[in-house]
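Reader: I'm poking at this one before setting up any calculations. Could you pick a single strand and walk me through it closely, then follow it outward to whatever it borders?

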Amino acid sequence: MADREQGKVETKPKRRRTLLGFVCRVFLGLLVAVFLLWLGAKFYLGQPRLGPFRSVASLIEADSTRLERDVRMLSEQFAPRNFGHLGNTKRTADYIRISLDKAVGADCRAKDLWFDLSGDRYRNVSLLLGPNNGEPRIVVGAHYDSWYIYPGADDNASGVAGVLELARLLAPYEDKLTQPVELVCFPLEEPPFYGTDEMGSWFHADGLKQEGVRLELMICLEMIGYFSDDPGSQTFPVPGMELFYPRVGNFITVVGNTQNRSAVVQVKQSMKAVSALPVYSICAHEQLPGIDFSDHRNYWEAGYPAVMVTDTAFYRNKAYHTENDTADRLDFHRMAMVVDGVAKAILDLATDE
C-alpha cells in the first residue's frame with residue numbers, strides 16, 4: 001500500500017515537467033512564428049536590400065545652393081501659385097522653362113504642353129533628353145502648384161527644384177543616354193483638382209497613352225526637402241508601421257503599389273548606392289493612405305509603372321498646407337542627396353554604363 005502511494009506521488013512532478021516542457025515548446029513556436037511573420041512583412045513592405053552596399057562615391061553631385069535658390073524663388077517670389085492666381089502660375093511655368101533651357105545650354109529645348117480647362121489655359125513644362133525617337137521613355141515629374149495662398153516650399157517647390165537640378169546633372173550625360181528621359185513639371189495637383197482627370201499630370205499621362213508611347217518608369221518627386229532628427233518626428237498612416245520603419249524622420253522613401261515592386265527595389269538600390277542618406281521603401285495596395293498621394297497615381301491609371309520619392313509629407317512635415325511651409329525649414333544638404341540618388345537611378349535605367 002505504501003509502495004503504491006509512493007509511486008503515485010512520484011508521477012506528479014514528472015507530469016508537471018512534461019506539461020511545462022510542452023508549454024515552453026508552444027511558446028517558442030509562437031515566438032518563431034511571430035518573428036517569421038514580422039520578417040516576411042518587412043520584406044514585403046520595405047524591400048530591404050540584400051548584400052553589401054556599394055561605395056557612396058559618385059561623380060553625381062547636386063548643388064544644395066542651386067536647390068535653395070530655386071525653392072526660394074518658387075515659394076517666395078511666385079507664391080501663391082495655383083489656379084486662383086494665374087499670373088503667378090504663368091511666371092512659375094516661365095521660370096521652369098527658362099531654367100530647363102539653361103540646363104542644356106539651348107533655347108527652345110523645353111516645351112510647353114498646353115491644355116484647356118474651364119476656360120483657362122494651363123501647361124505642363126517638359127524637357128526631353130537623349131534620343132528623340134528612342135523607347136521606352138523614363139519620365140521624372142513634379143507639380144509646381146501650391147495649396148491655397150501658402151508658400152509651398154516643401155510642397156512642392158522642393159520637387160520642382162529637384163527636377164531642375166536633375167536637368168543640370170543629366171545634361172552632360174545626354175550623349176550616353178540610350179533611351180529618352182523626360183523631365184516635366186505639372187500644374188493642378190492640389191485640390192480641387194487632386195484625384196480627378198483635371199490634374200496636369202493626368203493630361204500628360206493620357207497624352208503619352210494616346211500617342212502610344214512606351215514608358216519604362218515614371219518617378220514622381222513629391223516633397224523631398226524636410227528632414228528631422230528628433231525622436232518621434234516620423235508618424236505613419238496606420239498603427240504598427242513603426243515596427244518596420246524609424247520613428248525619426250531623417251530618411252527618404254520610395255513608394256509604390258504592389259504592381260511596381262521591382263521598380264521600387266531598383267530605384268531604392270540606385271539611390272542607396274550614391275548617398276549616405278537612409279533610403280526606405282514601401283510597396284502596398286493603393287488603399288493604404290499615402291500610397292497614391294501625388295501625380296504618379298495618373299500614370300498607374302494609364303497603365304504605366306510609376307513610383308514616388310518623398311519625405312512622407314504630412315506624416316513628418318507638420319507645416320504641410322500651412323503658412324509655415326517655408327524654405328527656412330528645409331534641409332538642402334539632405335535634399336541634394338535625394339537628387340543625387342534619383343539621378344543615379346535614371347542613369348542606371350537609361351545608360352549602358
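**Strand β8 and its surroundings**

Author: Let's take β8: Ala-306, Met-308 and Thr-310 point one way from the strand, Val-307 and Val-309 point the other way, and all are buried. Buried here is under 20% relative accessible area, with exposed over 50% and partly exposed in between (1.4 Å probe, protein chains only). Strands and helices are DSSP runs, numbered from the N terminus: E over at least two residues for a strand, H or I over at least four for a helix.

Some ground rules first. You're looking at a predicted model, where local features need pLDDT of at least 70 and side-chain atom pairs count only at pLDDT 80 or more, while totals for chains, interfaces and linings use all residues. Residues are numbered from 1 along each chain as its sequence is written, and side-chain values use heavy atoms, leaving out hydrogens and water.

So, back to β8 (306–310). In terms of cover, five of its five residues are buried. As for neighbours, β8 pairs with β5 (residues 215–222) in the parallel sense, over five bridges; strands count as paired if DSSP finds at least two bridges between them. β6 runs antiparallel to β8, and three bridges join them. Thr-310 is a handy place to see both pairings: Glu-222 has Thr-310 as its bridge partner, and Thr-253 stands opposite Thr-310 too.

Now step outward to the largest pocket, since β6 (252–256) and β8 each supply at least two residues of its lining. A pocket is found on a 1 Å grid over the protein atoms alone, as an open set of points with protein on both sides within 12 Å along at least five of seven lines; a cavity is instead a set where a 1.4 Å probe fits but cannot get out, and lining residues have an atom within 4 Å of a point. This pocket's volume is about 440 Å³, counted as the space filled by probe spheres set on the points, with points joined across faces, edges and corners. Its lining has 30 residues, and those closest to the centre are Gly-290, Phe-293, Met-308, Thr-312 and Tyr-315. Recall that Met-308 is one of the buried β8 residues, on the side with Ala-306 and Thr-310. By class, the lining of this pocket has 19 nonpolar, seven polar and four charged residues. Nonpolar covers Ala, Val, Leu, Ile, Met, Phe, Trp, Tyr, Cys and Pro, charged covers Asp, Glu, Lys and Arg, and the others, Gly among them, are polar.

For contrast, here's the second largest pocket, at about 310 Å³. Leu-113, Ser-126, Arg-137, Glu-182 and His-204 lie nearest its centre, out of 19 lining residues. Elements giving two or more residues to that lining are β1 (111–117), β2 (120–129) and α5 (200–211), with α5 giving the most, five residues. The class split there is seven nonpolar, six polar and six charged.

Enclosed space is a separate matter: the whole structure has one cavity of 30 Å³ or more. It holds about 40 Å³, and its lining is Ser-146, Trp-147, Tyr-150, Gly-152, Asp-155, His-321, Thr-322 and Asp-325. That makes two nonpolar, four polar and two charged residues around this cavity.
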